[in-house]
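Visitor: Please take me through one part of this protein in detail. I would like to look closely at the place where a metal is held, and then see what lies elsewhere in the chain.

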Amino acid sequence: MPEGHKTHYLASEHNALFAGETLGVSSPQGRFSADAKKIDGCVLASVRAVGKHLFYEFENARIVHVHLGRYGSFAVQDSPPRPPRGQVRMRWIGSAQTLDLRGPTQCRVIDHETQTEICEKLGPDPLSGGKKSDVFAKVSASGKPIGGLLLDQTILAGVGNIFRAEILFEIGMDPKLPGNEIDPSRFNDLWKSMTKMMRVSLKHGRIISVTSKEAGKPLTQLGNDERFRVYGKTHCPRCNGKISQDKIASRKMYFCERCQRGT
Ligand SMILES: [Zn+2]
């Protein structure tokens, strides 16, 4: 599932490609047809990411709300485009580029009020100025495991299954540690690791937790199986022990029991 770095990356890419353009909007698959009519022929004003949500605001005050979910993806091609292939939920044709969206969990036209409601339910987003103290207040008030709290979008917006595993491994924190047992200094370590990892991942457009020194090559040259330290791995890169898998907040959590103990 795309995590927060990806939505911010897409927002910046789509702003550069389509903001200010009059777009021909359709739904080749049909499921977005009624909403497409509300913005067809309108000018896209701006694109914004909040956590894992994308908001495309048009000059007629309509907003396209997209949540990619686990299977959603965008594809860009030159205009005029080839005929749509597969299940294209939404197609935008701009003067130079065409955008196709396939398989999102959410793609609908909303108004400002609904956008505000969605954003108010989300916790701070570290990639758009979310405050450490606001997140710590929520984490330290909960007895739930930190591995689950990091996935809770009402506590923190943008972190998903890969980031949570990589962040907790980097700082050596047990994913089962209850939020209310984390002191401010350890939370500071977590926040530093998280913001740095998310910024590096935003820059590269994909999640990267290793350093170029560890990988022995520049980050731009990493293969897909070289980007993580624990996620999807069988052995710990620090102690060479076996990586454990456990369900936390109904998602598979990867961690090293030896390197991630207590606080
Ligand atoms: Zn280890």
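Guide: Start with the record: an unreviewed UniProt entry annotates residues 229–261 as "domain: FPG-type". The model shown here is predicted. In it, the C-alpha atoms at the two ends of residues 229–261 are 17 Å apart, and the span is 30% strand and 0% helix.

Now the metal. The zinc ion has four protein donors, the SG atoms of Cys236, Cys239, Cys256 and Cys259. These atoms lie 2.2 to 2.4 Å from the zinc ion. The angles among the 4 donor atoms run from 101 to 113°, and the site is tetrahedral. Read along the chain, the donors have the spacing C-x2-C-x16-C-x2-C. Take Cys236 and Cys256 as a pair: they are 20 residues apart and link distant parts of the chain. Cys236 sits in the loop between helix H8 (212–215) and strand S9 (244–248), while Cys256 belongs to the segment after strand S10 (251–255). Cys236 and Cys256 are both buried.

Strand S10 also leads to the rest of the protein. The largest nonpolar core contains 36 residues, and S10 is one of the elements that give two or more residues to this core. Helices H4 (132–139), H5 (146–149), H6 (161–170) and H7 (184–204) are the others. Val139, Ile146, Leu156, Met173, Phe187 and Leu190 have the most contacts inside the core. For Val139, contacts beyond its neighbours within four places in sequence include Ile146, Leu149, Ile155 and Phe187. Another core, of 25 residues, lies apart from this one, and Phe18, Leu23, Tyr56 and Val109 are among its members.

Methods:
Residues numbered from 1 in each chain as written. Predicted model: local features only at pLDDT ≥ 70, side-chain atom pairs only at ≥ 80, totals over all residues. Heavy atoms only, no water. UniProt positions renumbered as here; feature names shortened; annotations may be inferred. Helix = DSSP H or I, 4+ residues; strand = E, 2+ residues; numbered from the N terminus. Donors = N, O, S within 2.8 Å, 3.2 Å for Na, K, Ca; no water. Tetrahedral: all angles 85-135°; square planar, octahedral: opposite > 155°, others 65-115°. Buried < 20%, exposed > 50% of the residue type's maximum accessible area, 1.4 Å probe, protein only. Core = buried A, V, L, I, M, F, W, Y, C linked by side-chain atoms within 4.5 Å. Contact = heavy atoms within 4.5 Å.
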